[in-house]
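Work through the exercises below with the sequence and the model open beside you, and try each task before reading its solution.

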Amino acid sequence: MRSIFTPLLAVPAILLHSVALAETSVSVPAFALDISSYESYSQLPVSVEVPTASISILSTSQTSTVISLDSFEGALDVRAGGSHMLAYVWATMTLQAALGYQITGIEFSASTYAIRKPPTLPSNAIIDGYGGFATYAWSSAAISDVGASEPLTEQYFVSNFTTPIPVGWNLSNPAGLSNFDLTMEVWSSARSFATYYVMPDEEFGTWHKAYGTTEVYYVDPLLTVYTAALPVPEPGIWTMMGAGLLLIGATRRRYVAQAKGLSHQPGK
């Protein structure tokens, strides 16, 4: 997993955040699976209200269940001016395939965008160095046996975006687990750098600095769990299985009869 501070090595300070743990235990039966538990942990900018740990089912069928990650709404929105702002949501849910179904894969999807506002300067200011902005968004995820812990792998990393861009990942279920934990982290961060300027009527060497603002938003974070019915044996396979069972039964009866006949022979 990429270190969360890799893109921030040149950032001198990170604004303190409030930390909130919002846990809940829910049971959300869908068509082909059951979400037996869900919890989320948020590290948020001070100005952001702590979300409740909640999800809602948008649609469900035998092939897919679309889940709205309500806990993520607003939790990943950040606004930076003169410092680095970081928001983070960690969540885990336990998924159980319904009887006769299997979970084939999981998809996370959202879009993210940024708003950049330049600093307000005096009308006669002479800019000596324009600070600029930085925006980042990334996510990691993994599936594991219930109660186990797996290292999360980075799924996407995007930077320096303004217009909405799609982000997301897909995880397969190669082990064919019918009951497992899904763990995910989603991050967003923003940074505004100082713009330096001088005033023409001031003494030489008198420098001023001002900051613009950078805002990062996540929109429509969704989780789609793909399911499929377990394969049903073809009629021919049932016939072959039946014939095999009959053959086994006949062989066993013949063996028992032979054993009984030997046991009645003189001297046996």
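The exercises that follow concern a predicted model, and each solution goes step by step.

**Exercise 1. The chain as a whole**

Task: Find how many helices and strands the protein chain has, and state what share of its residues count as buried.

Solution. Begin with the secondary structure, where the protein chain shows one helix and 16 strands. Next, turn to burial: the chain has 268 residues, and 40% of them count as buried. Then consider the surface, for the chain exposes about 14,400 Å², of which carbon and sulfur atoms supply 58%. Finally, look at the contacts between residues at least 6 apart in sequence, among which 76% join residues at least 24 apart.

**Exercise 2. Salt bridges**

Task: Locate the salt bridges that a search of the whole structure finds, and decide for each of the residues Arg-79, Lys-117 and Glu-215 whether it is buried, partly exposed or exposed.

Solution. The general idea comes before the count: side chains of opposite charge can pair when their charged atoms come close. In this model the search yields two salt bridges. One of them joins Arg-79 to Glu-215, with the closest N and O atoms 3.6 Å apart. This pair links distant parts of the chain, since Arg-79 belongs to strand β6 (residues 78–80) and Glu-215 to strand β16 (residues 213–229), 136 residues apart. In the other, the side chains of Lys-117 and Glu-215 meet at 3.5 Å, N to O. Here too distant parts of the chain are linked, with Lys-117 in strand β8 (residues 101–117) and Glu-215 in strand β16, 98 residues apart.

Now put the pairs together: Arg-79, Lys-117 and Glu-215 are linked in a network of salt bridges. For the accessibility step, recall that buried means under 20% relative accessible area and exposed over 50%, with partly exposed in between. Glu-215 has 6% relative accessibility, so this residue counts as buried. Arg-79 has a relative accessible area of 51%, and therefore Arg-79 is exposed. Lys-117, with a relative accessible area of 41%, is partly exposed.

**Exercise 3. The nonpolar cores**

Task: Name the residues that touch the most other members of the largest nonpolar core, and list what Leu-223 is in contact with when neighbours within four places in sequence are left aside.

Solution. The largest nonpolar core has 44 residues, and those touching the most other members are Met-93, Trp-169, Met-184 and Leu-223. Strand β7 (residues 84–97) contributes the largest share of this core, namely seven residues. With its neighbours within four places in sequence left aside, Leu-223 is in contact with Thr-65, Val-66, Ile-67, Leu-69, Met-93, Ile-106, Glu-107, Phe-108, Trp-169, Leu-182 and Met-184. Another core, of six residues, lies apart from the largest one, and its members include Leu-86, Ala-134, Tyr-136 and Trp-138.

**Exercise 4. Leu-171 and Thr-162**

Task: Establish where Leu-171 lies and where Thr-162 lies, and describe what each of them touches.

Solution. Leu-171 is found in strand β12 (residues 165–172). Its relative accessibility is 16%, so Leu-171 counts as buried. Not counting residues up to four places away in sequence, Leu-171 touches Gly-105, Ile-106, Ala-141, Ala-142, Ile-143, Gln-155 and Leu-182. The C-alpha atoms of Leu-171 and Leu-182 are separated by 9.7 Å, with the two residues eleven apart along the chain.

Thr-162, by contrast in location, lies in the loop between β11 (153–159) and β12. This residue is partly exposed, its relative accessible area being 37%. Apart from residues up to four places away in sequence, Thr-162 touches Tyr-113, Ala-114 and Arg-116. Measuring C-alpha to C-alpha in the model, one finds Thr-162 and Glu-215 9.4 Å apart in space, and 53 residues apart in sequence.

**Exercise 5. A three-stranded sheet**

Task: Work out the strand order of the open sheet of three strands, and identify the bridge partner of Ile-127 in β14.

Solution. Strands of a sheet pair through backbone hydrogen bonds, either parallel or antiparallel. In this open sheet the order is β9-β14-β15, and the pairing is antiparallel. Its edge strands, each pairing on one side only, are β9 (126–129) and β15 (208–210). Three bridges join β9 to strand β14 (residues 195–198), and within β14 the bridge partner of Ile-127 is Tyr-197. On average, neighbouring strands of this sheet are turned by 40° against each other, direction ignored.

Terms used:
Residues are numbered from 1 along each chain as its sequence is written. This is a predicted model: local features need pLDDT of at least 70, side-chain atom pairs count only at pLDDT 80 or more; totals for chains, interfaces and linings use all residues. Side-chain values use heavy atoms; hydrogens and water are left out. A salt bridge is a side-chain nitrogen of Lys or Arg within 4 Å of a carboxyl oxygen of Asp or Glu. Helices (H or I, at least four residues) and strands (E, at least two) are DSSP runs, numbered from the N terminus. Buried means under 20% relative accessible area, exposed over 50%, partly exposed in between (1.4 Å probe, protein chains only). A nonpolar core is a set of buried Ala, Val, Leu, Ile, Met, Phe, Trp, Tyr and Cys residues joined through side-chain atoms within 4.5 Å. Contact means heavy atoms within 4.5 Å. Accessible areas come from the Shrake-Rupley method with a 1.4 Å probe; for residues, only the protein chains shown count as cover. Two strands pair if DSSP finds at least two bridges between them. Axes are lines fitted to C-alpha atoms, for helices over the stretch in contact, and angles run from 0 to 180 degrees between N-to-C directions.
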